[in-house]
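These are my notebook entries from one session with a single model. I kept each entry to what I looked up and what I found.

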Amino acid sequence: MSLSGLDDTAAEPSALFPAPESDAPAPARRRGGPAQPSPPRREPSQGAEADRQLVFFGADAAEPTVADLAGLLAGPGEVVRMGGTARLSVQVDAAWRVHVLVAELASRGLAASWEPTEGERHAVRTSYTRVLKPLAAAWLHGTAKRPPATFHLTGRRLRLWLAAAGTPEPPGGFLLRLGADDRECWEPIGVALAAAGLAGTLLSPAEGDPAYQITGRRRLARLAELVGRPPRAAPAGAWPT
């Protein structure tokens with residue numbers, strides 16, 4: 001079922017998910033008027049600068065790029081190669097995640113399709129494209145998925161991971177789910193989380209789906225800063241704030 005608007009036989013996408021809207025309003029400009037000066041910046045204190053240091057890599061700090069999709073591969077996302085092309089896919093457990101991921105992929109110039117799978121889940125996938133070939137080359141060793149040595153987590157990568165597989169855990173915490181068959185990825189992904197100020201506890205498959213558990217007021221505040229404000233489609237309580 002294509003959400004790219006190319007499949008005339010599919011159900012109308014808007015009947016399943018609302019049309020994607022931009023989460024950030026465009027800045028207002030005065031027609032014919034001079035550019036408005038920016039307000040003077042206050043120099044932060046040394047402590048405040050340390051608190052904001054990692055927010056430089058937040059979701060709103062840069063334009064979306066294909067490299068951000070490494071965030072899906074940090075979680076349960078998969079990438080496969082075919083000739084000189086590659087395709088990215090991920091299974092999600094809620095319709096709102098489909099909406100968010102399709103919009104995120106579209107913002108990077110990638111059309112996506114989705115279909116229901118077993119257990120009331122949904123598979124979101126791109127078409128095979130040469131655009132994704134570098135991502136596949138960096139993450140695939142044969143058919144096994146493993147992050148490259150230089151892998152790190154930015155706000156946009158975390159935002160995509162959270163949109164695909166982040167789950168709040170009462171009374172106060174967040175789970176970032178991993179690929180069940182990606183055991184070789186778990187440790188380096190944990191290292192990348194710690195480097196981003198989000199050191200978490202690895203929950204093994206014996207305790208449920210493999211995931212990193214993020215707890216503590218400071219870490220949860222850091223997560224909320226990095227991933228930015230909730231997508232419009234996210235239900236209340238599904239996003240760190």
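The entries below go from a sheet to the helices and then to single residues.

**Entry 1. Model and sheet**

I note at the outset that this is a predicted model. I first asked in what order the strands of the open four-stranded sheet are arranged. The order is β1-β2-β4-β3, and the pairing is antiparallel. I then looked at the edges, where β1 (78-82) and β3 stand. Each of these two has a single partner strand, so one side of each is left without a neighbour in the sheet. On average, neighbouring strands of this sheet are turned by 25 degrees against each other, with direction ignored.

For one pair I went into more detail. Strand β2 (residues 85-92) pairs with β4 in the antiparallel sense, over four bridges. I looked up S89 and found that its bridge partner in β4 is R125. As background, I recorded that strands of a sheet pair through backbone hydrogen bonds, either parallel or antiparallel.

**Entry 2. Helix α4 against the sheet and against α6**

I next asked which strands α4 lies across. They are β2, β3 and β4, and the helix runs at about 5 degrees to β4.

I then turned to the pair α4 and α6. Two packed helices are described by the angle between their axes and the distance between the axes. The axes of α4 and helix α6 (residues 155-165) come within 8 Å and cross at roughly 150 degrees. An angle over 145 degrees counts as roughly antiparallel, and α4 and α6 are therefore roughly antiparallel to each other. The crossing in which α4 passes α6 is left-handed.

I listed the residues that meet there. From α4 they are W96, R97, V100, L101 and E104; from α6 they are R159, L160, L162, A163, A164 and A165.

Is α6 enclosed or open to the outside? Eleven of its eleven residues are buried, so α6 is largely enclosed by the rest of the structure. Among the buried residues I noted the arginines R156, R157 and R159, together with W161.

**Entry 3. V100**

I chose V100 from the contact list of α4. V100 is placed in helix α4 (residues 95-106). I asked whether V100 counts as buried or exposed. The relative accessibility of V100 is 5%, and buried means under 20%, so V100 counts as buried. Leaving aside neighbours within four places in sequence, V100 is in contact with A163, P231 and A233. I also looked up A164, which is 64 residues from V100 along the chain; the C-alpha atoms of the two are separated by 8.5 Å.

**Entry 4. Backbone exceptions**

I looked up E120, which is not a glycine but has a positive phi of about 55 degrees. E120 is in the loop between β3 (112-117) and β4 (121-126). With a relative accessible area of 71%, E120 is exposed.

I also asked which residues are joined by a cis peptide bond. They are P170 and P171, with omega about 5 degrees. P171 lies in the loop between β7 (166-168) and β8 (174-177).

**Entry 5. Q213**

My last entry concerns Q213, found in strand β10 (residues 211-214). I asked with which side chain that of Q213 makes a polar contact. The partner is the side chain of E169, at 2.6 Å. Not counting residues up to four places away in sequence, Q213 touches E169, F174, L175, G200, T201 and L203.

Notes: Residues are numbered from 1 along each chain as its sequence is written. This is a predicted model: local features need pLDDT of at least 70, side-chain atom pairs count only at pLDDT 80 or more; totals for chains, interfaces and linings use all residues. Side-chain values use heavy atoms; hydrogens and water are left out. A polar contact is a pair of N or O atoms within 3.5 Å; within protein, one must be able to donate a hydrogen and the other to accept it, and residues adjacent in sequence count only if both atoms are side-chain atoms. Contact means heavy atoms within 4.5 Å. Buried means under 20% relative accessible area, exposed over 50%, partly exposed in between (1.4 Å probe, protein chains only). Two strands pair if DSSP finds at least two bridges between them. Axes are lines fitted to C-alpha atoms, for helices over the stretch in contact, and angles run from 0 to 180 degrees between N-to-C directions. Angles under 35 degrees count as roughly parallel, over 145 as roughly antiparallel, 65 to 115 as roughly perpendicular and the rest as oblique. A crossing is left-handed if the near helix is turned anticlockwise from the far one by less than a right angle, and right-handed if clockwise.
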